[in-house]
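This briefing goes through one protein chain, from its overall build to selected residues and charged pairs. Please keep the sequence and the model in view while reading.

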Amino acid sequence: MKAIFVNGSPRKNKNTADMLQSAMRGAQEMGAECEMVHLYDIDFKGCKSCFACKLKNSKCNGVCALKDDLRPVLERCREADVIVLGSPVYYSYPTGELRSFMERLCFPVGTYLYENGKHITLRNKVIPTAMIFTMNCPEDYMKQINYPTLLEENTKVMADIFGYSETLYACNTYQFNDYSRYDFNLFSEEDKRRYRDEHFPTDLQNAYALGQRLVEKAHEA
Ligand SMILES: Cc1cc2nc3c(=O)[nH]c(=O)nc-3n(C[C@H](O)[C@H](O)[C@H](O)COP(=O)(O)O)c2cc1C
C-alpha cells in the first residue's frame, strides 16, 4: 500500500505541509508506505497540450509523456494507492504549481472516451484521493465568499479521474513566525494566535483521520 502526499505550498514547514505531514502519519499508522513531495523543489511546467496521451495506441499508459523532473513523481503517483494534494489558497484558488501538477497528473489518466454514459479512465481500481486547503480567511467568511464552490471544483476533477476524493480545510491560518515584522491591520496577531492554538490541533487531527480513512478505503478498493 503506497500513499503519496504532494505539497503545493512554497513553504516546506508551514500550514499546508503540517496538514500533509499529519495526514501522512495517519496513513503510516494504517501501514502505508508514504512519501512527501514538495512541488516547489521540482523544475516543471503544466500540460503542454501535446496530446501524446490521447494518441491511438498511446504508450503513455496514464503517465504524462513530457520528460522532465516531474516525470518520476508522476510515475510514482501512477503506482500509488492513495494520493493527497495540499495547497494554500492564493487569490481564491490553489497555487499555480498545484494546478500545473494536476494537469500533468489527471489529463493522462482521463480519456476522451465515454461508455454507457461514463467517462473512461486508465486506472484499474478506485484510488482514494483528497485535497487539503489552508487559507488566511476565517471559516465563516470563506463560506460567505464561496470558497467551497471554487475550491471543490478541484476535488471534483480528482474524483472524476481517480474515482474518489474529499476536501479538508484549515482556515484562519497563522502566517508569519513573527507578526511584529509585518505591516497589517486586517486582523490581530493575538486573535490569529488564539485561533491557531484553539483550532489548528483539531485541523491536524482531522488530517490524521483523513490519512487513516483513505488507506482504509484503498484496502476496500
Ligand atoms: C500570494 C498569496 C495569495 C493569497 N491569497 C489568499 C486568498 O485569496 N485567500 C486566503 O484566505 N488566503 C490567501 N493567502 C494566505 C494563504 O492561503 C495562507 O496563509 C496559507 O495558510 C499559507 O499556507 P502555507 O503556510 O502552507 O504557506 C494568500 C497568500 C499568498 C502568499
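A salt bridge is here a side-chain nitrogen of Lys or Arg within 4 Å of a carboxyl oxygen of Asp or Glu. By that rule, aspartate 191 forms a salt bridge with arginine 194, with the closest N and O atoms 3.5 Å apart. The model is predicted, so local features need pLDDT of at least 70 and side-chain atom pairs count only at pLDDT 80 or more, while totals for chains, interfaces and linings use all residues. Residues are numbered from 1 along each chain as its sequence is written, and side-chain values use heavy atoms, with hydrogens and water left out.

**Overall build**

- The secondary structure of the protein chain comes to six helices and eight strands, where helices (H or I, at least four residues) and strands (E, at least two) are DSSP runs numbered from the N terminus.
- From the N terminus on, these elements follow one another in the order β-α-β-α-β-β-α-β-β-β-α-α-β-α.
- The radius of gyration, taken over C-alpha atoms, is 18 Å, close to the 17 Å that the globule rule gives for 221 residues, so the chain is as compact as a globular protein of that length; the rule itself is 2.2 Å times the number of residues to the power 0.38.
- Along its principal axes, the C-alpha trace of the protein chain spans about 60 × 35 × 35 Å.
- Of the 221 residues, 46% count as buried, a class that means under 20% relative accessible area, with exposed meaning over 50% and partly exposed the range in between (1.4 Å probe, protein chains only).
- Among contacts (heavy atoms within 4.5 Å) between residues at least 6 apart in sequence, 76% join residues at least 24 apart.
- The accessible surface comes to about 11900 Å², of which 47% belongs to carbon and sulfur atoms; the areas come from the Shrake-Rupley method with a 1.4 Å probe, and for residues only the protein chains shown count as cover.

**Helix H1 and its surroundings**

- The end C-alpha atoms of H1, a helix of 15 residues, are 21 Å apart, which agrees with the 21 Å expected at 1.5 Å a residue, since the expected span is 1.5 Å times one less than the number of residues.
- The buried residues of H1 include Thr16, Met19, Leu20 and Met24, and the buried residues of this helix pack against E1, E2, E3, strand E7 (127-134), strand E8 (163-170) and H6.
- Just after H1, glycine 31 takes a positive phi of about 95°.

**Two buried strand residues**

- Valine 6, found in strand E1, is buried with a relative accessible area of 0%, and its contacts beyond four places in sequence include Leu20, Val37, Val84 and Phe101.
- Serine 87 lies in strand E3 (residues 82-90) and is likewise buried, at 0% relative accessibility.
- Leaving aside residues up to four places away in sequence, serine 87 touches Gly8, Thr16, Pro94, Thr95, Leu98, Ile132, Phe133 and Thr134.
- Valine 6 and serine 87 are 81 residues apart in sequence, with their C-alpha atoms 8.6 Å apart in space, whereas serine 87 and lysine 59, 28 residues apart along the chain, have C-alpha atoms separated by 31 Å.

**Charged side chains**

- Side chains of opposite charge can pair when their charged atoms come close.
- The count for this model comes to twelve salt bridges.
- Lysine 12 and aspartate 41 meet through their side chains in one salt bridge (3.0 Å, N to O); this pair links distant parts of the chain, lysine 12 in the loop between strand E1 (2-7) and helix H1 (15-29) and aspartate 41 in the loop between strand E2 (33-38) and helix H2 (71-79), 29 residues apart.
- Lysine 12 is partly exposed, with a relative accessible area of 43%.
- Lysine 156 and glutamate 153 also form a salt bridge (3.0 Å, N to O), and both lie in helix H5 (residues 147-162), three residues apart, about one turn of the helix.
- Of these two, lysine 156 is exposed at 53% relative accessible area, whereas glutamate 153 counts as partly exposed at 40%.
- Aspartate 191 and arginine 194 are separated by about one helical turn because they stand three residues apart in helix H6 (residues 189-220).
- Aspartate 191 is partly exposed at 42%, as is arginine 194 at 41%, and a network of salt bridges links Glu190, Asp191 and Arg194.
- Lysine 14, in the loop between E1 and H1, is buried yet has no salt bridge, the nearest side chain of opposite charge being aspartate 18 at 7.9 Å; in this reckoning Lys and Arg count as positive and Asp and Glu as negative, while His and the chain ends are not counted.
- Beyond four places in sequence, lysine 14 touches Gln175 and Asn177.
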